[in-house]
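Dear colleague,

I am passing on a structure that you have not worked with before, and below it I have set out what was found. Please read the notes with the model open beside them.

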Amino acid sequence: MEATEIVEQLNHSLPGTVRNVLDRFGQAELEIDPVRTVEVLRFLQQTPGLEFNMLVDLVSLDYSTFPGWTGPRFGLLYLLKSLTQGHRLQVKTYLSAENPQSPSVTSLWANANHLEREAFDQMGIRFTGHPNLKRLLNHHEFVGHPLRKDYPITRRQALSANQSLMDEMEARLKERGIS
Amino acid sequence: MTENLHSSSLGLEESTSPDHRDLLFVNLGPSHPATHGALRAFCALDGETIVAAVVEQGYLHRGFEKDCESHTFQQAIPYTDRLNYVSAMMNNVGYCKAVEKMLGIQIPDRAVTLRVLICELNRIIDHVVCVGANLVDLGALTNFWYFFNVREKVYDILEKLCGARLTSSYTRIGGLMRDVYPEFGDEVRAVLQDVQTSLKDVKGLIAKNRIFLDRTKDVCVITKERAISYGFTGPTLRACGMDYDLRKAEPYYGYDQYEFEVPVGTTGDVYDRIFVRLYEVEESISIILQALKRLPEGPIMTDDKRVALPPKTQTYGNIEGLMNHFKIIMHGICPEPGEIYDATEAANGELGYTIIADGSKNPYRVKCRPPCFMNFAAFGEMIEGSMVADAIANLGSINIIAGELDR
């Protein structure tokens with residue numbers, strides 16, 4: 001489906017959510033209202049004909065040193081793919097520098113859990129409603145968020161203690177109804 | 001404290017909840033012979049059955065994305081080798097293809113065909129390593145030697161091609177590092193014969209092997225819907241019965257002009273994941289033979305002055321050539337500001353790069369989408385309800401490569 005049709009459907013069903021449409025080397029990118037992320041992504045995932053059933057990747061962005069940038073500091077880029085329709089779409093939200101947070105989409109895609117944990121770990125974006133927002137790639141004692149532009153690449157941290165993972169395990173056992 | 005140290009050195013942990021006294025908590029990894037890298041799965045066992053599992057990754061995290069930001073576009077290529085180090089050239093190709101698309105560069109036909117060729121050679125290596133190691137974890141050591149013999153022969157060719165076995169850095173933005181050597185075609189054809197033989201040998205050992213079938217059939221099944229929700233791509237998704245291959249779905253590098261099949265499984269168990277890979281190796285052999293047949297003559301590097309160093313005669317012979325050389329070495333490759341996501345079908349699945357350029361010689365942001373990241377996210381869920389030994393069989397079959405998982 002063409003991007004213009006997708007935008008039309010969104011404007012019709014969820015008016016005011018699409019703020020901008022860009023072409024990124026052949027793929028359409030929709031900038032949406034960051035407050036309504038879950039609503040828009042659920043619509044894209046579940047509407048017949050759109051059926052973006054795969055969250056290909058979630059990219060966290062920090063524009064603070066981008067030349068000539070005047071917009072909000074942080075961004076999240078959701079890369080969507082529909083395996084039934086064959087089309088792709090990029091959805092972007094911009095988040096403020098003071099309190100970068102975004103609603104979690106863990107209810108829509110199973111891999112959003114780890115992808116959001118990575119974005120939190122690397123960029124310090126908080127996902128509200130995430131069941132287990134812990135660091136993923138860095139050590140749990142790590143301080144700071146390395147992919148932020150103000151984190152110096154040469155900074156080193158000595159980290160030693162193991163993570164017991166018992167907290168996650170207790171939650172998982174409860175989830176599975178085992179006690 | 002001593003108590004604690006003692007139990008953790010055994011890989012055991014105590015639950016704080018009085019309700020879980022009857023469960024045994026065991027760490028699989030981070031340093032376990034079957035993890036083939038440092039990964040950790042923390043399992044709650046009831047007898048020998050895993051009733052719940054959580055995973056931890058990051059043991060090999062080294063800041064690939066941060067490193068890219070402080071290096072030039074060309075300097076990022078060696079870092080991509082270290083993502084999936086089993087099929088390094090596919091990472092090189094994926095990255096360069098994204099940057100070239102950003103620059104609007106069309107690479108010469110010979111470079112395109114050679115990239116297809118080396119990608120398929122790497123796909124063969126990746127698949128035989130994955131299946132070979134997977135079978136070792138199941139206790140079948142012989143297959144491993146059959147496969148690793150041919151793997152070494154393919155590496156001999158790659159070493160002759162670029163000077164390195166594993167960390168090849170064979171592509172350049174705009175083409176390839178160097179052309180193939182004269183006897184390349186004959187050597188590849190010979191090695192493909194060996195691959196065929198090894199495939200026949202391994203299939204002969206496992207296809208009707210009762211132990212193998214019992215260990216893999218209906219083990220750690222993941223449904224198609226769940227696999228899609230987890231973002232599975234490549235062989236692990238196709239094993240679930242989803243016919244999705246970027247080479248067919250979104251053809252690049254003329255893959256639509258090659259004749260090959262996409263093997264698809266039915267149940268999404270360990271057996272399907274192994275056999276999808278084995279059949280894919282056969283398809284790759286076919287693609288390589290077709291590519292060798294059509295390999296056109298011509299340059300292997302574009303002549304676009306933004307990315308290609310001029311020939312040395314020009315660098316030392318005239319001022320334009322010298323300036324061109326200087327510009328590329330000192331100022332680097334500078335794409336126009338923009339954002340791109342571009343993906344290729346790597347051995348493990350969809351390998352994507354999101355690259356943001358700000359007009360300077362360094363990428364502003366690089367995000368790699370490693371295919372096995374999604375597989376590992378599902379690992380805990382996949383092994384719940386199965387035996388410890390099945391978890392080991394499953395770990396090999398979803399082909400976790402710590403280099404690209406943790407970046």
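Of the 179 residues of chain A, 40% count as buried; please keep in mind, here and below, that this is a predicted model. The C-alpha atoms of chain A fill a box of roughly 55 × 50 × 25 Å along the principal axes, and among the contacts in this chain between residues at least 6 apart in sequence, 50% join residues at least 24 apart.

The secondary structure of chain A consists of four helices and seven strands, which follow one another along the sequence in the pattern α-β-β-α-β-β-β-β-α-β-α. Five strands of chain A make up an open sheet with mixed pairing, in which the order is β1-β2-β5-β4-β3. Because β1 (18-24) and β3 (54-62) of chain A stand at the edges and have a single partner strand each, one side of each is left without a neighbour in the sheet. From one strand to the next, the twist averages 20°.

Within this sheet, strand β2 (residues 27-32) of chain A runs parallel to strand β5 (residues 88-95) of chain A, and three bridges join the two; Leu30(A) stands opposite Val91(A) in β5(A). Helix α1 (residues 3-13) of chain A packs on the sheet, where it touches β1, β2 and β5 of chain A, and its direction makes about 170° with that of β1(A). Helix α2 (residues 37-46) of chain A, for its part, lies across β2, β4 (74-81) and β5 of chain A and runs at about 175° to β5(A).

Turning to the second chain, 41 residues of chain A are in contact with 48 residues of chain B. On the chain B side of that contact, the residues divide into 19 nonpolar, 15 polar and 14 charged.

Chain B itself is assigned domain 1 (2-56) and domain 2 (70-303 + 334-406), and the centres of these two domains of chain B, taken over C-alpha atoms, are separated by 32 Å. Their contact takes 17 residues from domain 1 of chain B and 18 residues from domain 2 of chain B. On the side of domain 1 of chain B that touches domain 2 of chain B, β3 (40-46) and β4 (49-56) of chain B each supply at least two residues, and the largest share, seven residues, comes from β4(B). By class, that side of domain 1 of chain B has 12 nonpolar, four polar and one charged residues.

With kind regards

Methods
Residues numbered from 1 in each chain as written. Chains lettered and ligands numbered in written order. Predicted model: local features only at pLDDT ≥ 70, side-chain atom pairs only at ≥ 80, totals over all residues. Contact = placed C-beta atoms within 7 Å. Nonpolar A, V, L, I, M, F, W, Y, C, P; charged D, E, K, R; others polar. Domains from an automatic or database assignment. Buried ≥ 20, exposed ≤ 12 C-beta atoms within 10 Å, placed from the backbone. Pairing = 2+ DSSP bridges. Axes fitted to C-alpha atoms, helices over the stretch in contact; angles between N-to-C directions.
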